[in-house]
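Got the viewer open? Load the model, switch on the cartoon and keep the selection box handy.

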Amino acid sequence: HRLVVSFNVDLPNPFGAGSRGVIRALLSGWDLSGVITVQSGTPFSVTNSASNLDRDGQAGSPGTGGRADRVDGVSQTTDGDVRSRLNGFLNRDAFLPAPRSRYGTLGRNTIRGPGAHLWDMRLSKVTPIRESLRLRFLAEAFNTWNHAAFGNPGSVLDTAAFGTIRTTLSNARIIQVGMKL
């Protein structure tokens with residue numbers, strides 16, 4: 001699931017239309033725009049390298065990674081904020097390695113990784129200098145609130161990286177400022 005909302009707001013002059021001179025030049029003509037992206041996590045499957053069934057159910061080479069068995073009644077993910085679960089997003093007790101001879105009981109793509117919410121914003125102002133000359137100021141911030149969007153955890157049951165999140169899907173905040181005449 002993904003929701004993307006864009007907005008554009010002409011900011012009013014705080015002193016109203018009656019302001020003149022330098023105050024009007026500084027405070028009028030501002031525009032705030034942005035894009036907000038909110039999405040749920042990407043689905044993935046827990047596998048185990050001991051199973052040697054490939055995607056078609058045929059015997060493949062060992063280590064091709066069939067799905068794991070699910071332990072009923074045990075939560076597959078741990079509780080809490082994503083940042084507190086970077087080293088333990090998945091509950092290892094909820095999964096068992098499937099035998100080499102069959103698929104595991106865990107469905108395909110039944111677990112979702114962490115979601116994301118990102119804001120990109122732009123503040124701009126156009127100031128007329130003369131009739132045909134304008135000064136444009138731009139300030140842009142990508143990932144404005146500097147929220148990390150984490151990737152999926154390691155999903156191979158019999159590895160040390162199982163359940164740990166080691167990647168991000170977004171950059172840290174980037175700010176750029178510019179002027180154009």
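Where does Ser40 lie? Select Ser40 and you land in the loop between S2 and strand S3 (43-44). One thing to keep in mind as you click around: this is a predicted model.

**Stop 1: around Ser40**

Show the side chains here. Leaving aside residues up to four places away in sequence, Ser40 touches His1, Arg112 and Gly115. Its relative accessibility is 26%, so Ser40 counts as partly exposed. Now add His117 to the selection and draw a C-alpha to C-alpha distance: Ser40 and His117 are 8.8 Å apart in space, with their positions 77 residues apart in sequence.

**Stop 2: zoom out**

Colour by secondary structure. The chain has one helix and eleven strands, and reading along the sequence gives β-α-β-β-β-β-β-β-β-β-β-β. Of the 181 residues in the chain, 29% are buried. Switch on the surface: the accessible area comes to about 11,400 Å², with 55% of it belonging to carbon and sulfur atoms. For the contacts, take those between residues at least 6 apart in sequence; 65% of them join residues at least 24 apart.

**Stop 3: the five-stranded sheet**

Next, pick out S1, S2, S9, S10 and S11. These five strands form an open sheet in the order S1-S2-S9-S10-S11, and the pairing is antiparallel. S1 and strand S11 (174-180) are the edges; each has a single partner strand, so one side of each is left without a neighbour in the sheet. Ignoring direction, neighbouring strands of this sheet are turned by 10° against each other on average.

**Stop 4: strand S1**

Stay at the S1 edge. S1 and strand S2 (residues 30-39) run antiparallel and are joined by nine bridges. Two pairs to label: Val4 has Thr37 as its bridge partner in S2, and Arg2 stands opposite Gln39 in S2.

How many of the nine residues of S1 are buried? The number is zero, so S1 lies largely in the open.

Now select Val5, which is found in strand S1 (residues 2-10). Val5 has 37% relative accessibility and counts as partly exposed. Add Leu3 and Val38 and show the surface: together with Val5 they form a nonpolar patch there, with about 240 Å² of accessible area together.

**Stop 5: the salt bridge**

How many salt bridges does the structure hold? There is one. Side chains of opposite charge can pair when their charged atoms come close. To see the pair, select Glu140 and Arg122, where the closest N and O atoms are 3.6 Å apart. Glu140 lies in strand S10 (residues 133-142) and Arg122 in strand S9, so the pair ties together parts that are 18 residues apart in sequence. Compare how the partners are covered: Glu140, at 17% relative accessibility, counts as buried, whereas Arg122, at 31%, counts as partly exposed.

**Stop 6: Ser124**

Keep strand S9 (residues 116-130) on screen and move to Ser124, which lies in it. Buried or exposed, what is Ser124? Ser124 is buried, with a relative accessible area of 8%; the cut-off for buried is under 20%. Show what is around it: beyond residues up to four places away in sequence, Ser124 touches Gly29, Trp30, Asp31, Phe137 and Leu138.

**Stop 7: two asparagines in loops**

Check the backbone torsions of Asn109 next. Asn109 has a positive phi of about 55° although it is not a glycine. Asn109 is found in the loop between strand S7 (95-96) and strand S8 (111-112), and its relative accessible area of 33% makes it partly exposed.

Then jump to Asn143, in the loop between S10 and S11. Here, too, phi is positive, about 55°, although Asn143 is not a glycine. Asn143 is buried, with a relative accessible area of 6%.

**Last stop: Ser49**

Finish by selecting Ser49, in the loop between strand S4 (47-48) and strand S5 (66-67). Ser49 is partly exposed, with a relative accessible area of 28%. Which separation do the C-alpha atoms of Ser49 and Leu157 have? Draw the distance and you get 7.5 Å, for two residues 108 apart along the chain.

Technical notes. Residues are numbered from 1 along each chain as its sequence is written. This is a predicted model: local features need pLDDT of at least 70, side-chain atom pairs count only at pLDDT 80 or more; totals for chains, interfaces and linings use all residues. Side-chain values use heavy atoms; hydrogens and water are left out. Patches are made of residues with over 30% relative accessible area and no salt bridge: like charges are joined within 9 Å, nonpolar side chains (Val, Leu, Ile, Met, Phe, Trp, Tyr) within 5 Å. Accessible areas come from the Shrake-Rupley method with a 1.4 Å probe; for residues, only the protein chains shown count as cover. A salt bridge is a side-chain nitrogen of Lys or Arg within 4 Å of a carboxyl oxygen of Asp or Glu. Helices (H or I, at least four residues) and strands (E, at least two) are DSSP runs, numbered from the N terminus. Buried means under 20% relative accessible area, exposed over 50%, partly exposed in between (1.4 Å probe, protein chains only). Contact means heavy atoms within 4.5 Å. Two strands pair if DSSP finds at least two bridges between them. Axes are lines fitted to C-alpha atoms, for helices over the stretch in contact, and angles run from 0 to 180 degrees between N-to-C directions.
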